Amino acid sequence: MATAAAAAADLSAPDKQDSALPELTTEFMVDMKCEGCVTAVKNKLQTLEGIKNIEVDLSNQVVRVLGSLPVKTMLDALHQTGRDARLIGQGNPNDFLVSAAVAEFKGPVIFGVVRLAQVNMELARVEATFSGLSPGKHGWSINQFGDLTRGAESTGNVYNPPDHLSNKPLGDLGTLEAGENGEAHFSGPKEKLRVVDLIGRSIALYATEDRSDPGIAAAVIARSAGVGENYKKLCTCDGVTIWESS
């Protein structure tokens, strides 16, 4: 596996859509009923290159995976076993104040999700999936504010902490390239990015690669569940389980 420094350098390459990811623990809720289900899930995941360890908690229907694969790749494999599966947590077992965050784009034209997870205090993982984009290259960035009153236009400048000594702002995520179907996918590491500092800010998408337009969509970055934080209940206030949610 590439070193963290070398892998992080890939994220700055504007046309790089998928870079080698550093290892991280990811938890999924999987609809398992018996030991046969456990065996089927483990056998399928073990066919994927990049997975280091798999733990299954049948009583809680939780599958915990340590590896360097994107969430989408693992979810696709779990669904191929014929079982319902949802991401429920991501992070580092060493624990951080905030180990994971998510930004959800809910349309009406552009839909997508961006996940950020802390690997260590000097490195984070960024994964994104979008649909509804016009084909071609689009700039995207983490911006200062979570103000969506005017969409991406009111989210401020690209996030860049005072101690980040570089010509390129820390929040510059480079370029997304959408295919003819309007979909874009990205996964890669990002050096110096701290998830805890991003909560309440936003991720913005632009029509052009150089972000010279006001922006076409934005979403606020919210805290997401870390490892071991989100079994069965999505929200303790209403008792809705992960299988009952849409």
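"Partly exposed" is the label for a residue whose relative accessible area falls between the buried range, under 20%, and the exposed range, over 50%. Lysine 192, with 46%, gets that label. Keep it in mind for the close-ups below, which all come from a predicted model.

**View 1. The whole chain, with 3 helices and 15 strands.** Let's start wide before zooming in. The protein has 246 residues, and 46% of them count as buried. Take the contacts between residues at least 6 apart in sequence: 67% of these join residues at least 24 apart. How confident is the predictor here? The average pLDDT is 87, and 83% of the residues score at least 70. Go carefully with residues 1-18, where pLDDT stays under 50 and the model has 35 contacts beyond four places in sequence. Residues 240-246 also stay under 50, with 23 such contacts.

**View 2. The largest nonpolar core, a set of 29 residues.** Which residues have the most contacts inside this core? They are Val114, Leu116, Phe130, Trp140, Ile142, Ile203 and Leu205. Plenty of strands chip in: E5 (100-106), E6 (111-120), E7 (123-131), E8 (136-143), E10 (172-178), E11 (184-191), E12 (202-205) and E13 (217-223) each supply at least two residues. The largest share, 4 residues, comes from E7.

**View 3. Isoleucine 203 and its contacts from elsewhere in the chain.** Here we zoom in on one member of that core. Leaving aside neighbours within four places in sequence, isoleucine 203 touches a list of residues that includes Ala103 and Phe105, Val114 and Leu116, and Trp140, Ser141 and Ile142. Also in contact with isoleucine 203 are Ala217, Ala218, Ala219 and Ile221. There is a second, separate core too: it has 19 residues, among them Met32, Val41, Leu48 and Leu75.

**View 4. Helices H2 and H3 packed together.** H2 covers residues 35-45 and H3 covers residues 71-79. Their axes are 9 Å apart and meet at an angle of about 135°, which makes H2 oblique to H3. The crossing is right-handed. Which residues make the contact? From H2 they are Val41, Lys44 and Leu45, and from H3 they are Met74, Ala77 and Leu78.

**View 5. A cis peptide bond between glycine 107 and proline 108.** Look for the link between these two residues, where omega is about 15°. Proline 108 sits in the loop between E5 and E6.

**View 6. Two loop residues with positive phi, lysine 192 and arginine 211.** Neither lysine 192 nor arginine 211 is a glycine. For lysine 192, in the loop between E11 and E12, phi is about 70°. For arginine 211, in the loop between E12 and E13, phi is about 60°. Is arginine 211 buried or partly exposed? Its relative accessible area is 23%, so arginine 211 counts as partly exposed.

**View 7. Glutamate 122, in the loop between E6 and E7.** We are back with lysine 192 here, as one of the contacts of glutamate 122. Leaving aside neighbours within four places in sequence, glutamate 122 is in contact with Lys190, Glu191, Lys192 and Arg194. What separates the C-alpha atoms of glutamate 122 and leucine 193? The separation is 6.7 Å, for two residues 71 apart along the chain. Glutamate 122 is partly exposed, with a relative accessible area of 37%.

Note on methods:
Residues are numbered from 1 along each chain as its sequence is written. This is a predicted model: local features need pLDDT of at least 70, side-chain atom pairs count only at pLDDT 80 or more; totals for chains, interfaces and linings use all residues. Side-chain values use heavy atoms; hydrogens and water are left out. pLDDT is the predictor's confidence in each residue, from 0 to 100. Contact means heavy atoms within 4.5 Å. A nonpolar core is a set of buried Ala, Val, Leu, Ile, Met, Phe, Trp, Tyr and Cys residues joined through side-chain atoms within 4.5 Å. Buried means under 20% relative accessible area, exposed over 50%, partly exposed in between (1.4 Å probe, protein chains only). Axes are lines fitted to C-alpha atoms, for helices over the stretch in contact, and angles run from 0 to 180 degrees between N-to-C directions. Angles under 35 degrees count as roughly parallel, over 145 as roughly antiparallel, 65 to 115 as roughly perpendicular and the rest as oblique. A crossing is left-handed if the near helix is turned anticlockwise from the far one by less than a right angle, and right-handed if clockwise.
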